[in-house]
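Me: I have a model to go through. Please take me through some of its packing and pairing.

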Amino acid sequence: MKKPTNFESIGLYIHYPFCVRKCIYCDFASFTLDRVAESKYFSYLKKEVDLFLDKFPDIVKFSLETLYIGGGTPSLVSVDEFVDFIHFLKDRFDFSKLKEFTIEGNPESISKDKFLVFKELGVNRVSIGAQSFNDVTLKLLGRVHEAKTIEEKFHLLRVLGFSNINIDLMFALPNEDFEMQTYSIKKAIALNPEHISFYSLMLERGTPLYRARHYYNFVDDSVWLKEYFLGKKIFTQNGFVHYEISNFAKPGFFSLHNLKYWESFPYIGFGVSAGSFLNNRRSVNVMNLKSYFAKLDKGELPISFTKRLNGKALKSDYLFMKFRLLEGVSLTDYYKKFGSFLESDFAVELEKLKKSKLIKQTKNKLTLTALGLRFVNVVLKEFI
Amino acid sequence: MDKIRNFSIIAHIDHGKSTLSDRFLEHGGLVVKGEQVLDSMELEKDRGITIRAHPITLNIKVNGIDYVFNLIDTPGHVDFFYEVSRSLKACEGAVLLVDATQGVEAQTIANTYLALENDLVIIPVVNKIDVKDADIEGTINEIKNILGFKDEDILKISAKTGENVDKLIEAIVDRIPPPSGSEDAPLKALVFDSHFDTYKGVIVYVRVKDGTIKKGDRIKFMSNEKEFEVEEVGIFRFKMEPIEELTAGMVGYFAALIRDPLDVQIGDTVTNAFRVADAPISGFRKNVPMVFAGIFPLNTNEFEDLKKSLEKLRLNDPAITIEPDTSEALGFGFRCGFSGLLHMEIAIERLKIEFGQDIIATVPNVEYEVVLRDGRTVPIDNPAKFEDPSKILEIREPIVDASIMVPPDFIGNVMELLNTRRATYKDMLYPEEKRVVIRFEVPLQEIITDFFDALKSVTRGYGTLDYEFIGFKKADIVKVDILINKKPVDALSFMAHEDKAYYVARSMLEKMRKVIPRQMFEVNLQAAIGSKIIAKERIVPYRKDVLAKCYGGDVTRKKKLLEKQKEGKKKMKMIGNVEIPQEAFFSILSVKSSEKTD
């Protein structure tokens, strides 16, 4: 197949929806691993990619800047299937300018042989789903690993030569107190990763944890804030930059792929539940395997929702995502992007937010204040 | 005149009043049997009146003799004590209709008491005898035991099938006396209702007691001495039907190009301006607003709409007074006066339902007389206009002479209720064995918020209340301000007796604490009399609102989640920087004076 000539860069996301088992808090598209289903899934992923390229031949103008394999638990992937699939992608997309190639993994399934192959394929960033360094919590959450495995596998990845590693860490965890959280934060920082995603547990409807929520203790707002700000303090003291609500990175190690989401740059996603933002159109794929297969069998893209954004919605989406970044919104960037002034497009909203001290303006930038960081939803709601 | 019978039907809702009316209409030849009669409520809606139906005049032949039946409807709700009693005063008799499947209801008893008070002849009737599970004997026993009628007085009919309706018609002729009065005497007519017609002005509903009234007559309302020239007189069929003249004993209407609905008051007496009657019909009460409340549009930009609606409402309900008002918290609106709390509630309902207005009504209060140190006496009907306490010498509150009619079993409960209302007991009358009238004086303020409800609940629905303003009396009245984050919210200020201010304030603040959602900052609620804080509450802030994750695949989903929360916010009313949901506002303003905190 003839490789396209490229003008613009794009992010590509591949969803690998299989796990050993589903964690009790998880509301992502994930299913118990089954090699037959996995094999079928990869063949349908290929169908989706080709169908997509068929329908959007314009995509040939783009080159891949980032590739992100998320899940699920991508570290469980069958090496052969994966190698085959990446080669399939390389035949269709321009990988020559690929800067960041991330794969997510659970400590348990990170192995030397597998990750050597991944490295060969170009993977240069690994995101480890550590979540906690307290075994009792890991067990409660339904994770398959123990705390010591995190450390072992982290060191293994270093030995294998991975120099850009993210650790996913959660706070506000069920039955955890502030001391336990402090312990996890210190353990994580001791590994000296390049990137830390530091999320509060979100109690999502429909999850087993939600149904059993009355059996667990959850932290109140004040402990929540104490834990969040302890993390922020320790990470920044250790040279991390707090660059997104829940993300910290050493300078030069911001997640390029995730920045595409927050900066409203174009990206394509393949696989169940994956989303795309291309030519001002947002699309999201179906959430379950059955309809994913069924739609592709009918020769349709497995989309459950798609919407082309008009002028105002595009601006509103832009701000909705961009305000999550601590560097804030640049008035000149906004003008360059939309040809209109942010100060007049959202005059009332900005005034209100400034008055309530949720955002502040410095030179030509609007950024969240410390208060705004705690009430980011209040800020975001103004723009929707 | 001896061929006229004026009567009304007393019945509980669904006991078959409209079905029986239909049968009367058939006998009167106004409708053919089986034809669907227009629901009187529908007729009403066309005219914008929903409190009651208009009267109807029927020509019915009984034993070969032509009679004129005037069926006068009464407001269904006995709590419109005065209006009901005026309608009954236009009659000589009443048909008491009881559903044999339901038995005697409390409201029916209350209405029967009223009819007896007005010396009406009552024909007790058991209805729905055709229904399979009708308990005819049981119902007859109830009528005998509770109301004291005799077996032989009670008729058994089916309004639906028409069975024995002719017997009822005969009984109406035989038992209800014809009107008395003299056609030669000066005109004396009772005003019992009215409505507004765009072309003819106020249409006045009258029962002529003495004399005659015809086109060209110069008439005078005896209460206000206003004179008009009669343009049209007539009787009510389905529509108004002009006739030559109305004479003593008749029920009908007249129009006299009366442009101001306030000139016509229910219970007033109409006489001839050149031949004035010696005395008006007794029992008239001047229509004075007793209860005041602010009415504001929920959306401040709907002020003009509300204004138009209120003006229309007032044309058919002249007892409402309307003054423009402004509130810092609620924007532009009106200060409205009503004859009582129920009147206010009905007016508000009508504004909402008939006129589709989204409104907020403030806590109702009475009108106080404030004597200032400079010697002036000013009326105050709005807490926002309360004078600086240092300038006030004394405050006087309106006192009413009230009576409660109940079966004797409930005396104890009523006395207990009165104890909590600053009432002064006067005496007790036993008009007959089955009912007692408890008379007392009470500050009007004490009975305007939830007294009806309380009375109904302690008397299982049997109690009725009537009251009449007797004067102002000095009282320790204070104005209580409600402050949200130190800022007084004018719309929440209220006036109360000093002894009760604390309790009302406490329950108001507690209600606020429960219904105002947590905000980003702490909300301090205070109740103050002048600069003295008498109660306080705080609403602890929520301290964070963070969506931890938002990535490529879930932008839309997360956005929708926040959108939904934002939708909820749109229905909030901003008081200062505090967001208060609409429903919360309603419940704060509906705090009852008797709600005490434990």
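Me: Which residue stands opposite Leu190(B) in β16(B)?
Reply: This is a predicted model: local features need pLDDT of at least 70, side-chain atom pairs count only at pLDDT 80 or more, and totals for chains, interfaces and linings use all residues. Residues are numbered from 1 along each chain as its sequence is written, with chains lettered from A and ligands numbered from 1 in written order. Strand β7 (188-197) of chain B pairs with β16 (269-272) of chain B, antiparallel, over two bridges; strands are DSSP E runs of at least two residues, numbered from the N terminus, and pairing takes at least two DSSP bridges. Opposite Leu190(B) in β16(B) stands Thr269(B).

Me: Which are the edge strands of the open eight-stranded sheet in chain B?
Reply: The order is β11-β10-β16-β7-β8-β15-β12-β13 in chain B, with antiparallel pairing. Each edge strand pairs on one side only. They are β11 (227-229) and β13 (240-243) of chain B.

Me: How are α6(A) and α8(A) oriented to each other?
Reply: Helices are DSSP H or I runs of at least four residues. α6 (178-190) and α8 (221-237) of chain A pack at about 20 degrees, axes 10 Å apart; axes are fitted to C-alpha atoms over the stretch in contact, and angles run from 0 to 180 degrees between N-to-C directions. Angles under 35 degrees count as roughly parallel. Therefore α6(A) and α8(A) are roughly parallel.

Definitions and conventions
Parallel < 35°, antiparallel > 145°, perpendicular 65-115°, else oblique.
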